[in-house]
Amino acid sequence: MATVELRFSALPEHVRTARLVAAAVARRAGVDEAVLDEVRLAVGEACTRAVGLHRSSGVSAPVHVSLIEEEKQFSIEVGDEAPHTVPGDKASGAGGEVEVDSEEDDMGLAVISGLVDDMEVSTGENGGLIRMSWPTTPPTAVLT
């Protein structure tokens with residue numbers, strides 16, 4: 001299993017770099033060329049969301065992205081360290097947690113879920129993680 005780690009300051013101008021790196025690693029991992037635009041867009045949405053969460057909550061830690069090449073799939077994890085309210089928590093905003101515009105957050109997650117068949121989202125007091133996966137095709141052997 002090969003992994004590429006990327007960490008960047010929570011600035012919007014770094015999202016483009018994350019998108020380009022993700023597409024290049026996905027291509028090398030064997031993700032179908034027809035799906036690379038979806039990879040690029042999904043990573044852009046996830047990173048933009050993480051940057052927005054960091055900036056709105058005043059978190060100075062970097063956004064982290066893991067690009068994971070496995071035998072039959074390629075996964076991308078985008079993590080933030082912004083405090084999220086835990087679903088069902090009545091004390092929204094307590095404990096230094098920042099209320100995120102849930103409509104905007106929901107829209108970003110809806111866009112990502114439309115681009116990715118296999119997506120998991122986890123959030124908590126110490127941050128959140130979006131994991132997205134795509135199938136890969138094995139390299140074809142060249143006969144000489």
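This is a dialogue on reading the sheet and one buried polar site in a predicted model.

Trainee: Where do I start? How many helices and strands are there?

Mentor: Start with the inventory. The protein has three helices and five strands. Then read along the chain. The pattern is β-α-α-β-β-α-β-β.

Trainee: What share of the residues counts as buried?

Mentor: Of the 144 residues, 40% count as buried. For the surface, look at the area and the atoms that make it up. The accessible surface is about 8,300 Å², and carbon and sulfur atoms hold 51% of that.

Trainee: And contacts along the sequence? What percentage join residues at least 24 apart?

Mentor: Take the contacts between residues at least 6 apart in sequence. Of these, 66% join residues at least 24 apart.

Trainee: Now the sheet. In what order do the strands stand?

Mentor: Read a sheet by its spatial order, then by its pairing. Here the order is β1-β2-β3-β5-β4, in an open sheet with antiparallel pairing. β1 (2-8) and β4 (118-124) are at the edges; each has a single partner strand, so one side of each lacks a neighbour in the sheet. From one strand to the next, the twist averages 10°.

Trainee: How many bridges join each pair? Begin with β1 and β2.

Mentor: Seven bridges pair β1 with β2 (residues 63-69), in the antiparallel sense. To fix the register, pick a residue and find its partner. T3 stands opposite I68 in β2.

Trainee: And how many bridges pair β3 with β5?

Mentor: Eight, again antiparallel. For the register here, S75 faces S133 in β5.

Trainee: That leaves β4 and β5. How many residues lie between them in the hairpin?

Mentor: Two residues separate β4 and β5 in their hairpin. The two strands run antiparallel and share seven bridges. G124 has G127 of β5 as its bridge partner.

Trainee: What lies across the sheet? Which strands does helix α2 cross?

Mentor: Check the helix against each strand, then take an angle. Helix α2 (residues 36-57) lies across β1, β2, β3 (73-80), β4 and β5 (127-135). Against β3, α2 runs at about 15°.

Trainee: How many of the residues of β5 are buried?

Mentor: Seven of nine, so count β5 as mostly covered, with buried taken as under 20% relative accessible area.

Trainee: How should I think about side chains on a strand?

Mentor: In a regular strand, side chains alternate between the two faces of the sheet. Now take a case. S75 is in strand β3. R131 is in strand β5.

Trainee: Is S75 buried or exposed?

Mentor: Buried. The relative accessible area of S75 is 0%, so S75 falls under the 20% cut-off.

Trainee: Which side chains make polar contacts with S75?

Mentor: Look for N or O pairs. The side chains of S75 and R131 make a polar contact of 3.2 Å. Another polar contact, of 3.4 Å, joins the side chains of S75 and Q73.

Trainee: What else is in contact with S75?

Mentor: Set aside neighbours within four places in sequence. S75 is then in contact with S66, L67, I68, E70, R131, M132 and S133.

Trainee: Same filter for R131. Which residues is R131 in contact with?

Mentor: With that filter, R131 is in contact with I68, E70, Q73, S75, I76, E77, D118, M119 and E120. Q73 is on that list, and Q73 also has its side-chain polar contact with S75.

Key: Residues numbered from 1 in each chain as written. Predicted model: local features only at pLDDT ≥ 70, side-chain atom pairs only at ≥ 80, totals over all residues. Heavy atoms only, no water. Pairing = 2+ DSSP bridges. Helix = DSSP H or I, 4+ residues; strand = E, 2+ residues; numbered from the N terminus. Axes fitted to C-alpha atoms, helices over the stretch in contact; angles between N-to-C directions. Contact = heavy atoms within 4.5 Å. Buried < 20%, exposed > 50% of the residue type's maximum accessible area, 1.4 Å probe, protein only. Areas by Shrake-Rupley, 256 points an atom, 1.4 Å probe, with all protein chains shown as cover. Polar contact = N/O pair within 3.5 Å; in protein donor to acceptor, adjacent residues only side chain to side chain.
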